[in-house]
Amino acid sequence: MKRQWAVSLAVLALLALPASAQVIDGDWEISPMVGYSFPGAELKNGFEGSLGLGYHFTKQWGLELQTAYADSKVFDLNRDRPTLRLAALFNFLPDHKTVP
């Protein structure tokens, strides 16, 4: 089982390597995310996913619109959590090889 986790993490790390890039004016970016939550005793475990779309106005400033969904239950009550978020982004090191 430990070997399977190690191989899975290695594959994910290798897939992330091509994602390193510099910010260029007028760039668009897409951020798909998938996960699974383990919140605690009163909440049930569940699937989480989101999709973000961002635009860089300049090398340092951008906007990102993100929609997310989390499937959860609280004491046998269905409490799905859909969200929508708009964020202003500021890149501190836009000319660096990797931009967090």
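**Aromatic cluster and strand pairing in a predicted model**

W28, Y55 and F57 form one aromatic cluster, and this grouping serves as the starting point for a description of the structure, which is a predicted model. Across the protein chain, the count of aromatic pairs comes to four. For Y55 and F57 the ring centres lie 5.0 Å apart and the planes stand at 80 degrees, so this pair is classed as edge-to-face, given that planes over 60 degrees apart fall into that class. Y55 itself has a relative accessibility of 25% and therefore counts as partly exposed, since a residue is taken as buried under 20% and as exposed over 50%.

The secondary structure of the protein chain consists of one helix and six strands, and along the sequence these elements follow the pattern α-β-β-β-β-β-β. Of the 100 residues in the protein chain, 17% count as buried. The accessible surface of the chain amounts to about 8000 Å², and carbon and sulfur atoms contribute 66% of this area. Among the contacts in the protein chain with a separation of 6 or more, 45% are accounted for by residues 24 or more positions apart.

Strand β2 pairs with two other strands, β1 and β3. Strand β1, which comprises residues 28-37, runs antiparallel to strand β2, which comprises residues 46-56, and the two are joined by 10 bridges; within this pairing, I30 has L53 in β2 as its bridge partner. Strand β3, comprising residues 61-70, is likewise antiparallel to β2 and is joined to it by nine bridges, with G49 standing opposite Y69 in β3. The connection between β2 and β3 takes the form of a hairpin, in which four residues lie between the two strands.

Two residues of strand β1, S31 and Y36, illustrate how accessibility is distributed at individual positions. S31, located in β1, has a relative accessible area of 17% and is therefore buried, the cut-off for this class being under 20%. When residues up to four places away in sequence are not counted, S31 touches S50, L51, G52 and E64. Y36, also found in strand β1, has a relative accessible area of 48% and is therefore partly exposed, this class extending up to 50%. Y36 belongs, together with V34, F38, F47 and Y69, to a nonpolar surface patch of about 590 Å². Y69, a member of this patch, is the residue of β3 that stands opposite G49.

Further along the chain, N78 is placed in strand β5, which comprises residues 77-78. With a relative accessibility of 47%, N78 counts as partly exposed. The residues that N78 touches, not counting those up to four places away in sequence, are D71, S72 and K73. N78 and K44 are separated by 34 residues in sequence, while the distance between them in space is 9.7 Å, taken from C-alpha to C-alpha.

Notes. Residues are numbered from 1 along each chain as its sequence is written. This is a predicted model: local features need pLDDT of at least 70, side-chain atom pairs count only at pLDDT 80 or more; totals for chains, interfaces and linings use all residues. Side-chain values use heavy atoms; hydrogens and water are left out. Buried means under 20% relative accessible area, exposed over 50%, partly exposed in between (1.4 Å probe, protein chains only). Contact means heavy atoms within 4.5 Å. Accessible areas come from the Shrake-Rupley method with a 1.4 Å probe; for residues, only the protein chains shown count as cover. Rings of Phe, Tyr and Trp (its six-membered ring) pair if their centres lie within 6.5 Å; planes under 30 degrees apart count as stacked, over 60 as edge-to-face and the rest as tilted. Two strands pair if DSSP finds at least two bridges between them. Patches are made of residues with over 30% relative accessible area and no salt bridge: like charges are joined within 9 Å, nonpolar side chains (Val, Leu, Ile, Met, Phe, Trp, Tyr) within 5 Å. A salt bridge is a side-chain nitrogen of Lys or Arg within 4 Å of a carboxyl oxygen of Asp or Glu.
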